[in-house]
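Q: I have a model open and want to read its features one by one. Where do we start?

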Amino acid sequence: MLSIGLLSSLLLASPDADAAPPSVEGFLTRAEQALNAGLEARDDPRLARAHFRDAAHLYEEVYRNGHHNAACLRNEGNAALLADDLPGAILAYRRGLRLAPNDKVLRKNLAFAREQVDYPTVGTMGRPPTETWPPGLPRPEAGWLLISAGVLYGLGCLAMTRWWMTRKTTLLSIGLLFLGVTAIPIAGLVHNLPNESHERQHPLVVILENGVLLRTGNSLTYPARYDTPLNRGVEARLLFMRGNWAQIELTGGETGWVSNDYLLFDKR
Amino acid sequence: MLDWVALLYRCPKRCRVELIYLLSLLSFFVFHVSLLAEGVPDPPIQGRPTFAPYSNAIGSFQVVTLATPTTLRAEDPLTFTVRVTADGAVLQPPERLDLREFPDFSELFYIEDQADQDAADDSSWKFVYLLKPRDTSVRAIPSFPFIYFQPGVLPASRGYMTRWAPSIPLSVRPRDEVPPGKGPDSLAPIDAPPTVYQFIEERSVLRKQQDIGLSPIWIGIVLVLPPAFCAGWYLTWLRLYPNAARMALHRRSKAARRALKLLRRAEKKTAGDQTRQVTAVITSYLRERLDLPISEPTPAEVADHLQALHLTPDLIERAVKFFKEADAARFQPSPPGNVALTASATGLILSLEAEPCSPSAY
């Protein structure tokens with residue numbers, strides 16, 4: 001009884017007891033204020049960076065509160081880039097492109113951010129994959145492919161049903177045509193399926209510091225697997241976690257262990 | 001041995017040089033023939049140097065090294081080539097040395113193997129490495145020992161030989177200073193493209209964009225929904241338009257479909273032609289579907305044939321009636337329009353196709 005009384009009195013006495021949790025709108029307003037403050041303080045780089053860093057963190061809070069959209073991630077990436085947080089910017093842009101693969105601004109900003117990364121002068125170790133998608137051709141999104149397949153399949157079914165009713169050969173041709181064309185988005189989906197699965201199983205990680213070595217085991221006692229150190233902004237995929245160490249794989253297939261302190265993780 | 005010395009002593013002075021030369025040649029020949037006869041000797045463990053890795057080479061060798069460039073910035077790469085050349089017979093070629101095993105190298109350089117650029121022939125071997133000076137304190141590529149085994153030395157444990165690859169001086173400059181505007185105390189992305197300064201306003205940022213993945217629920221909906229809708233549509237259509245449905249059903253019979261098509265064409269012809277064509281179509285249909293053996297049957301013959309097939313009396317009566325009407329129309333002096341005959345023919349075909357025990361079963 002005494003303990004209940006003490007607890008209730010403590011709760012009542014607590015200054016935050018009746019304070020409402022910060023709302024998403026609140027985070028957003030503060031983020032925009034921080035951005036404006038950063039832009040105004042461009043003559044004072046340290047101060048400007050601090051404001052941009054705050055803005056990036058606040059946009060991340062908005063995102064974590066369920067507002068998953070490419071616009072939020074683009075703002076976060078831009079703010080991080082202006083705050084000289086290169087890994088944070090690259091991660092935000094990559095997450096944004098996952099939601100909106102055809103966002104040209106996101107892609108352009110990601111390319112600029114990657115230009116700032118100090119990749120090894122020799123070889124391709126740590127470099128991001130080269131772009132093979134034809135420029136100008138829209139990238140298929142899983143959602144749109146599924147919708148296209150559904151619409152074409154539905155139209156095909158309707159035409160075939162009408163043909164069954166009327167036995168007009170034109171309808172049969174149209175139905176078969178629609179069902180045939182359905183194979184295109186389905187092929188796109190099937191093609192994307194392994195990538196999607198791989199990305200979910202092995203989330204993106206970004207190197208946070210310069211001069212990080214990939215080691216052969218999960219401790220500093222293990223020797224470096226490659227002599228070439230990795231610099232901040234290098235992208236990789238997470239393979240395994242063991243304690244405070246992560247085994248990562250670079251785009252070129254090089255693998256090794258890195259302490260979690262040097263990694264920025266993509267937490268979906 | 002003493003005989004050889006006595007021979008040298010006895011022979012004239014001018015012959016001694018030639019004799020020594022001949023003896024040398026002979027001993028060289030005997031030595032190599034004996035090696036070939038014995039095969040590749042197995043170098044002993046005893047006497048093997050431990051201060052550096054052994055190259056596994058057996059024979060006699062020289063080592064030269066080459067580095068390009070020798071003036072560079074810290075962490076920039078230089079190509080380091082080690083060339084090993086044999087002095088004589090090679091019983092076992094040298095293996096590629098791992099420079100990381102030389103502490104001087106691993107402390108001063110980042111080392112990458114370029115084994116794909118290695119080359120070899122019968123008497124020389126080229127090994128290529130990529131070295132990156134770790135910092136500006138690096139003044140030279142250090143000398144390193146190349147250890148090989150030379151057979152024929154007695155005792156064998158003294159056969160291990162060491163050739164020192166020469167050191168190569170280097171001039172390592174510091175890396176370029178970070179230009180103003182890119183240093184940590186300035187606004188780093190000042191040259192960033194304008195798109196980096198483009199921020200999106202409130203409404204879009206608070207949107208909740210669904211990441212439509214390939215969830216089984218969505219795939220199930222896409223797969224099941226259209227056929228289910230179509231099935232419902234078809235059932236509704238059957239209920240709303242039963243005759244149309246029946247016609248469609250009967251059109252599945254190829255003979256019926258063809259007959260109905262010809263009947264539609266016959267409607268456009270003159271009365272006499274129409275009567276003849278309608279009769280021919282029905283006769284052909286009956287021959288095809290019910291194996292009527294007669295090409296120009298009378299109503300009685302049609303009735304007999306249909307009765308033999310156990311068709312319903314109503315159907316038989318309709319068929320007989322049709323043939324009677326057709327005969328009447330054909331043999332009248334001036335036949336009237338035969339729209340009724342065509343309709344009668346169409347009805348007869350549909351009735352025959354709708355017979356529960358379908359004619360196709362016969």
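**Reading the two chains**

A: Start with secondary structure. Chain A has 8 helices and 5 strands. Keep in mind that this is a predicted model.

Q: What pattern does chain A follow along the sequence?

A: Read the elements in order. Chain A runs α-α-α-α-α-α-α-α-β-β-β-β-β.

Q: How many helices and strands are there in chain B?

A: Chain B holds 11 helices and 12 strands.

Q: Next, burial. What share of the residues in chain A is buried?

A: Burial is read from how many other C-beta atoms surround a residue; 20 or more within 10 Å make it buried. In chain A, 36% of the 268 residues are buried. In chain B, buried residues make up 21% of 362.

Q: How do I read contacts along the sequence? What percentage in chain A joins residues 24 or more positions apart?

A: Take the contacts with a separation of 6 or more, then ask what part links residues 24 or more positions apart. For chain A that part is 57%. For chain B it is 65%.

Q: Now the interface. How many residues does each chain bring to the contact?

A: The size of an interface is often given as the accessible area lost when the parts come together. Here we count residues instead. Chain A contributes 46 residues and chain B contributes 39.

Q: Which helices of chain A supply at least two residues each to the side that touches chain B?

A: They are helix 2 (24-40), helix 3 (45-64), helix 4 (70-82), helix 6 (104-115), helix 7 (142-166) and helix 8 (169-201) of chain A. Helix 7 of chain A gives the most, with 13 residues. By type, the side of chain A that touches chain B divides into 25 nonpolar, 14 polar and 7 charged residues.

Q: How do I describe a helix pair?

A: Two packed helices are described by the angle between their axes and the distance between the axes. Take helix 8 (residues 271-290) and helix 10 (residues 313-331) of chain B. Their axes come within 10 Å and cross at roughly 150 degrees.

Q: Why is helix 8 of chain B called roughly antiparallel to helix 10 of chain B?

A: Because angles over 145 degrees count as roughly antiparallel, the crossing makes helix 8 of chain B roughly antiparallel to helix 10 of chain B. The crossing of these two helices is left-handed.

Q: Which residues meet between helix 8 and helix 10 of chain B?

A: From helix 8 of chain B come B:Thr275, B:Arg276, B:Val278, B:Thr279 and B:Ile282. They meet B:Phe322, B:Ala326, B:Ala329 and B:Arg330 in helix 10 of chain B. The residues of this contact divide into 5 nonpolar, 2 polar and 2 charged.

Notes:
Residues are numbered from 1 along each chain as its sequence is written. Chains are lettered from A and ligands numbered from 1 in the order in which they are written. This is a predicted model: local features need pLDDT of at least 70, side-chain atom pairs count only at pLDDT 80 or more; totals for chains, interfaces and linings use all residues. Helices (H or I, at least four residues) and strands (E, at least two) are DSSP runs, numbered from the N terminus. A residue is buried if 20 or more other C-beta atoms lie within 10 Å of its own, exposed if 12 or fewer, and partly exposed in between; C-beta atoms are placed from the backbone. Two residues are in contact if their C-beta atoms, placed from the backbone, lie within 7 Å. Ala, Val, Leu, Ile, Met, Phe, Trp, Tyr, Cys and Pro count as nonpolar, Asp, Glu, Lys and Arg as charged, and the others, Gly among them, as polar. Axes are lines fitted to C-alpha atoms, for helices over the stretch in contact, and angles run from 0 to 180 degrees between N-to-C directions. Angles under 35 degrees count as roughly parallel, over 145 as roughly antiparallel, 65 to 115 as roughly perpendicular and the rest as oblique. A crossing is left-handed if the near helix is turned anticlockwise from the far one by less than a right angle, and right-handed if clockwise.
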